[in-house]
Amino acid sequence: MPRQSASLDRATPERIAEQALSIVDHDGPTALSFRTLASALNISVASLQRRCTDLAGLLDLVTDHLAARLPDIPPGTDWASTTEARFTALYALLTDHPGLVALRGARPWLGPQLLKRLVEPQLSDSLAAGMTPNEAVVAYRRLYLLTLGSASFVDHRDPKAVQAVTRQALAALDPEEFPTLTGQLGSVLPALADHEVYFGALRQLIRAADPARTAATPGAPPG
């Protein structure tokens, strides 16, 4: 019993999440397994399974651990600034940990910390700003999908590698069949890992949905 208790003490949710992130960030998503993680934590696989029964549970634990880092927005901040701050922070978390994003795949991000620090306050602020419930949900979904999609398909930590892979693929194209792609490499390649592509799109969505702007423009479509 004492050995088991000490093992469980070492297997706190925080330690599990941090060690799992370290493995994924340094060795890639395929390196994460219960055996590898338990060995790194110096605990048994059984002790680890008591905290998170399977890989899905482990990924949920890690995701929620990260979501706890999302910012608290000071009361009284305008809707547009609040929204940009929240989703910019989410984007930063996702792009810092592309291996975790790849492992989660299409699984929904529904942990209590994410719901508490992103979804609930964002919807609440949207309603308080004058949106209808449907407008608030649609605006949130657009912003969330933009953020998740922008972080999912490129490892922003290594833009040179991203550009090299794309350059190689485009070099194999027939310039007569693909004149635009092969002739515009100077524009195509830098945009692949340019964070401003996301930030610009985020601000466009926020401006389109901002209740303060739509209220000031009679007949403007809702966000």
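1. A contact here means that heavy atoms lie within 4.5 Å of each other. With that in hand, and bearing in mind that this is a predicted model, here is how the chain is held together: among the contacts in the protein with a separation of 6 or more, 69% come from residues 24 or more positions apart.

2. On to the overall build. The protein has 14 helices and 0 strands, so you will find nothing but α if you read the elements from the N terminus on, as the cut-offs for helices and strands sort them. The C-alpha trace spans about 70 × 55 × 25 Å along its principal axes. Of the 223 residues, 35% count as buried. The accessible surface comes to about 12300 Å², and carbon and sulfur atoms hold 57% of that area.

3. Next, the nonpolar core. The largest one has 50 residues, and the members that touch the most other members are Leu-37, Leu-58 and Phe-87. The elements that give two or more residues to this core are helix H2 (13-27), H3, H5, H6, H7, helix H8 (112-128), helix H9 (133-152) and helix H13 (195-209).

4. Leu-37 deserves a closer look. This leucine sits in helix H3, which covers residues 34-41. Is Leu-37 buried or exposed? Leu-37 counts as buried because its relative accessibility is 0%, and the cut-off for buried is under 20%. Setting aside neighbours within four places in sequence, Leu-37 is in contact with Ile-16, Gln-19, Ala-20, Ile-23, Leu-32, Leu-48 and Leu-58. For a sense of distance, the C-alpha atoms of Leu-37 and Gln-168 are separated by 36 Å, with their positions 131 residues apart along the chain.

5. Leu-58 is the partner to view alongside. Not counting residues up to four places away in sequence, Leu-58 touches Ile-16, Ala-20, Leu-32, Phe-34, Leu-37 and Cys-52. Ile-16, Ala-20 and Leu-32 are also among the contacts of Leu-37, so colouring these residues by hand would show both sets, given that contact means heavy atoms within 4.5 Å.

6. Cys-52 takes us from Leu-58 into a loop. This cysteine is placed between H4 and H5. Despite the loop setting, Cys-52 is buried, with a relative accessible area of 3%. Leaving aside neighbours within four places in sequence, Cys-52 is in contact with Phe-34, Gly-57 and Leu-58. The C-alpha atoms of Cys-52 and Tyr-91 are 26 Å apart, and the two residues are 39 positions apart along the chain.

7. Asn-42 is worth a glance for its backbone. Where is Asn-42 placed? Asn-42 lies in the loop between H3 and helix H4 (45-51). Its phi is positive, at about 60°, although Asn-42 is not a glycine. Most residues other than glycine have a negative phi. Asn-42 counts as exposed because its relative accessibility is 56%, and exposed means over 50%.

8. Now the cavity. How many cavities of 30 Å³ or more are there? The count comes to 1, and the largest cavity has a volume of about 60 Å³. Two or more lining residues come from each of helix H5 (55-67), helix H6 (79-96) and helix H7 (98-104). The lining is made up of Thr-63, Leu-66, Ala-67, Leu-90, Leu-93, Leu-94, Leu-100, Val-101, Trp-109 and Leu-114. By class, that lining has 9 nonpolar residues, 1 polar residue and no charged residues.

9. Gln-122 is a polar side chain to check. This glutamine is in helix H8. With a relative accessible area of 1%, Gln-122 is buried. Apart from residues up to four places away in sequence, Gln-122 touches Trp-79, Thr-83, Arg-86, Phe-87 and Tyr-140. Phe-87 in that list is one of the core residues that touch the most other members.

10. Finally, Leu-205 in helix H13. Is this leucine buried or partly exposed? Leu-205 is partly exposed, because its relative accessible area is 28%, between the cut-offs of 20% and 50%. Aside from neighbours within four places in sequence, Leu-205 is in contact with Arg-142, Leu-143 and Leu-146. The C-alpha atoms of Leu-205 and Trp-109 are separated by 21 Å, and the residues are 96 apart along the chain.

Technical notes
Residues numbered from 1 in each chain as written. Predicted model: local features only at pLDDT ≥ 70, side-chain atom pairs only at ≥ 80, totals over all residues. Heavy atoms only, no water. Helix = DSSP H or I, 4+ residues; strand = E, 2+ residues; numbered from the N terminus. Buried < 20%, exposed > 50% of the residue type's maximum accessible area, 1.4 Å probe, protein only. 1 Å grid on protein atoms, 1.4 Å probe; cavity = no way out; pocket = protein on both sides within 12 Å on 5 of 7 lines; lining within 4 Å. Points joined across faces, edges and corners; volume = space filled by probe spheres on them. Nonpolar A, V, L, I, M, F, W, Y, C, P; charged D, E, K, R; others polar. Core = buried A, V, L, I, M, F, W, Y, C linked by side-chain atoms within 4.5 Å. Areas by Shrake-Rupley, 256 points an atom, 1.4 Å probe, with all protein chains shown as cover.
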